[in-house]
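Welcome! Here are a few exercises to work through with the model open beside you. Try each task first, then follow the solution step by step.

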Amino acid sequence: MKDNGQLLFPHGGYRKLKSFQLAQLCFDITVRFVELYIPKNSRTIDQMVQAARSGVQNIAEGSVAAATSKRTELKLTNVARASLEELRLDYEDYLRQHTAPLWSKEHPLTQEFIRCRVSTMADFRTFVQNAKQHPSMSASVRTCPLQSVIVANAVLLLLNVACHLLDRQLARLAADFEKGGGFSERMYQQRLKKRKNDE
């Protein structure tokens, strides 16, 4: 983290973060997923939507809070990471409870998803439509809609990337905090600098 001599830390700009963009995409997909595939009276609906929303909101809130508190940014980014982990478990639970396949790293559709670099809703929809015709999906899943299996696996792949990016952010934020301290330390340095200039 480069010190530009200003009191406030660099902050905001969360919309440019790939982790935020992917978390937001997962949130939008999750809202639709629970409408289509989760029973209306299930508490899982609220749990999945809230976990997805928390991932998005805490990345944004942490980014803005960074102006005066690197500690708060670190804490909220960690909450976002934990929320996306909770969401990941929910999708894994859906597949397991419906005896549906969880794609491995070697699965042809996992490889296709990576190759397509899916990062927008349009990309995602195109992938899902194409995946329905893929030979690997020819064996029908009798316990839930085939499309739900594709969507759940594809969201898990997005979450894998988002969580990996947040892990890297957390490591960088922790290193920055250890190196540069927080807002209080920054204020002290600014006061000390001003005092020396006034002498």
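**Exercise 1: A pair in helix 3**

Lys70 forms a salt bridge with Glu73, with 2.8 Å between the closest N and O atoms. A salt bridge here is a side-chain nitrogen of Lys or Arg within 4 Å of a carboxyl oxygen of Asp or Glu. Before going on, note that this is a predicted model, where local features need pLDDT of at least 70 and side-chain atom pairs count only at pLDDT 80 or more, while totals for chains, interfaces and linings use all residues. Residues are numbered from 1 along each chain as its sequence is written, and side-chain values use heavy atoms, with hydrogens and water left out.

Task: find how many residues apart Lys70 and Glu73 are in helix 3, and whether they are buried or exposed.

Solution.
- Step 1: Both residues belong to helix 3 (residues 70-97) and are 3 residues apart, so about one helical turn separates them. Helices are DSSP runs (H or I, at least four residues), numbered from the N terminus.
- Step 2: Lys70 and Glu73 are both buried. Buried means under 20% relative accessible area, exposed over 50%, and partly exposed in between (1.4 Å probe, protein chains only).

**Exercise 2: From helix 3 to helix 6**

Task: work out which parts of the chain are linked by the salt bridge of Arg81 and Asp167.

Solution.
- Step 1: The side chains of Arg81 and Asp167 meet at 2.8 Å, N to O.
- Step 2: Arg81 sits in helix 3 and Asp167 in helix 6 (residues 146-180), 86 residues apart, so distant parts of the chain are linked.
- Step 3: Arg81 counts as buried because its relative accessibility is 15%. Asp167, at 37%, is partly exposed.
- Step 4: A network of salt bridges links Arg81, Glu85, Arg88 and Asp167.

**Exercise 3: A pair in helix 1**

Task: describe where Arg32 and Glu35 lie.

Solution.
- Step 1: Both are in helix 1 (residues 18-37), 3 residues apart, about one turn of the helix.
- Step 2: Their side chains meet in a salt bridge of 3.2 Å, N to O.
- Step 3: Arg32 is partly exposed at 47% relative accessibility, and Glu35 is also partly exposed, at 42%.
- Step 4: For the full tally, the model has 7 salt bridges.

**Exercise 4: The nonpolar core**

Task: find which helix gives the most to the largest nonpolar core.

Solution.
- Step 1: The largest nonpolar core has 51 residues, and Phe33, Tyr91, Phe124, Phe127 and Leu158 have the most contacts inside it. Such a core is a set of buried Ala, Val, Leu, Ile, Met, Phe, Trp, Tyr and Cys residues joined through side-chain atoms within 4.5 Å.
- Step 2: Helix 6 gives the most to this core, with 14 residues.

**Exercise 5: Two helices that cross**

Task: decide how helix 4 and helix 5 are arranged, and which residues make the contact.

Solution.
- Step 1: The axes of helix 4 and helix 5 come within 11 Å and cross at roughly 150°. Axes are lines fitted to C-alpha atoms, for helices over the stretch in contact, and angles run from 0 to 180 degrees between N-to-C directions.
- Step 2: Helix 4 and helix 5 are therefore roughly antiparallel, a term for angles over 145 degrees.
- Step 3: Leu109, Glu112 and Phe113 of helix 4 make the contact (heavy atoms within 4.5 Å) with Phe124, Phe127 and Ala131 of helix 5.

Terms used: Helix = DSSP H or I, 4+ residues; strand = E, 2+ residues; numbered from the N terminus. Parallel < 35°, antiparallel > 145°, perpendicular 65-115°, else oblique.
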